[in-house]
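Below is a short note to read alongside the structure. Please keep the model open while going through the points.

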Amino acid sequence: MPLTKIECDRATCPPGRPHARLADEKGMYLEVTAAGGKYWRMKYRHGGKEKRLALGVYPAVTLAQARKARDLARETLAAGNDPAQIKRDAKLIRAMNDANTFEKVARQWWAHWKGPKSARHADYVIRRLEADVFPALGDRPVASVTAPQLLAMAKAIEARGAVDIAKRSLQTCGQILRFAVAHGLIERNPAADVRPSDALKPRTKENYARLDAKEMPELLRKIEAYQGSAYTRLAMKLMALTFVRTGELIGARWAEFDLVAAEWRIPAARMKMKTPHIVPLAPQAVEVLQALHTVSGGRALLFPGERDHEKPMSNNTILAALKRMGYAGRMTGHGFRGVASTILHEQGFPHHVIELQLAHQERNATVAAYNHATYLKERRAMMTAWADHLDKLRKGADVIELPQRAA
């Protein structure tokens, strides 16, 4: 007779015996141990051998649930497969999935990927994963990660205003999951099902003409040899070195500069974001300013207009100079910002540091006075490296000191 719930509840192991077995039907029975444990088992034959399959512990697994598990096992057996082996395989896969978390696989990918990359760029990528991706996905088995989970992670980054970082994080996750596919850890890449444009807001951009990075050396040499106004030539040099907005450059006043501290502090009233902005000055930028000071005649403005020295030079002055040098429609004053952003990202400088120096970071009015100095040490190092890079581009090669000949 099949077992009943009451019989299962009352079942005990007789004294002096290690266990007792209460038969149900179709090979299933309840095994009661001397210690009081109750275990569902199923006896079956496969490959000519008698075997047993564990179906769970009573009462956590009810009589009805045990029978359902038994029936599924019998279906597996009828298909010619060993249900116990299937169960062991599934357990092994679960263990592998638990061990291969997204974070573990991501770090394996990073160790493989970083080889040819600059140390700075590789460090930025792993820190971005640690800050934004691992908290959302790191503990999940890599095989369980889904496209909606990837999008939820990216949307959370987007919600704080970091649209570019959200897109980059999604793209990096796609690389990690391709790595997992290649190494047999997952069957397919869920990131392939979604693109950043499918869910993230497009960033509104103004399109400014700008050169490719490979065209910068020639432009820098033409600026150095520019035969027009000294003010215009120095303005272009300073713009290349600081990549501020054109309006911020031409409206600059000497009172904003501290050449000893090598800082240019632009007041909030002159900034697009209406918050103060600090531009760390590389030695090359200080040199340009010192040269400019000798020709400014003690005026308040760095770049006074030709006719009215109390007003700044025209917005079109730099554009006209670029046109005169052969860059009409190909480069603008604002284009220096785009080129700097592209090259600095390629060199591995952190995205957030670049964005802060470009003054793209939107700031809450309450904390604006404090945030303008954020990452100032990192920005100073970046601006110095940028100036050195421009020198190298302009010269076309590293300067090598030749040994002196004997007299």
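The points cover a helix pair, a small group of strands and the nonpolar cores.

1. The model is predicted, and the remarks below should be read on that footing.

2. Helix α10 (residues 230-242) packs against helix α17 (residues 376-395), with the axes 9 Å apart and at an angle of about 125 degrees. Because that angle falls outside 65 to 115 degrees and is not over 145, α10 counts as oblique to α17.

3. On the α10 side, the contact is made by Ala 240, Leu 241 and Thr 242. Helix α17 contributes Met 383, Trp 386, Ala 387 and Leu 390. By class, six of the residues in the contact of α10 with α17 are nonpolar and one is polar, while none is charged.

4. An open sheet is formed by three strands in the order β5-β6-β7, with antiparallel pairing. Strands β5 (257-258) and β7 (277-280) lie at the edges, each pairing on one side only. Strand β6 (residues 263-266) is joined to β5 by two bridges, and Phe 257 stands opposite Trp 264 of β6.

5. Trp 264 also appears in the largest nonpolar core, which has 58 residues. Together with Leu 219, Leu 249, Leu 281, Leu 302 and Phe 303, Trp 264 touches the most other members. Helix α10 gives the most to this core, with eight residues.

6. What does Leu 302 contact, leaving aside its neighbours within four places in sequence? The partners are Tyr 231, Leu 238, Ala 252, Arg 253, Trp 254, Phe 257, Leu 289 and Leu 292.

7. A second core, separate from the one above, has 34 residues. Among them are Phe 102, Ala 106, Val 133 and Ala 191.

Methods:
Residues are numbered from 1 along each chain as its sequence is written. This is a predicted model: local features need pLDDT of at least 70, side-chain atom pairs count only at pLDDT 80 or more; totals for chains, interfaces and linings use all residues. Side-chain values use heavy atoms; hydrogens and water are left out. Axes are lines fitted to C-alpha atoms, for helices over the stretch in contact, and angles run from 0 to 180 degrees between N-to-C directions. Helices (H or I, at least four residues) and strands (E, at least two) are DSSP runs, numbered from the N terminus. Angles under 35 degrees count as roughly parallel, over 145 as roughly antiparallel, 65 to 115 as roughly perpendicular and the rest as oblique. Contact means heavy atoms within 4.5 Å. Ala, Val, Leu, Ile, Met, Phe, Trp, Tyr, Cys and Pro count as nonpolar, Asp, Glu, Lys and Arg as charged, and the others, Gly among them, as polar. Two strands pair if DSSP finds at least two bridges between them. A nonpolar core is a set of buried Ala, Val, Leu, Ile, Met, Phe, Trp, Tyr and Cys residues joined through side-chain atoms within 4.5 Å. Buried means under 20% relative accessible area, exposed over 50%, partly exposed in between (1.4 Å probe, protein chains only).
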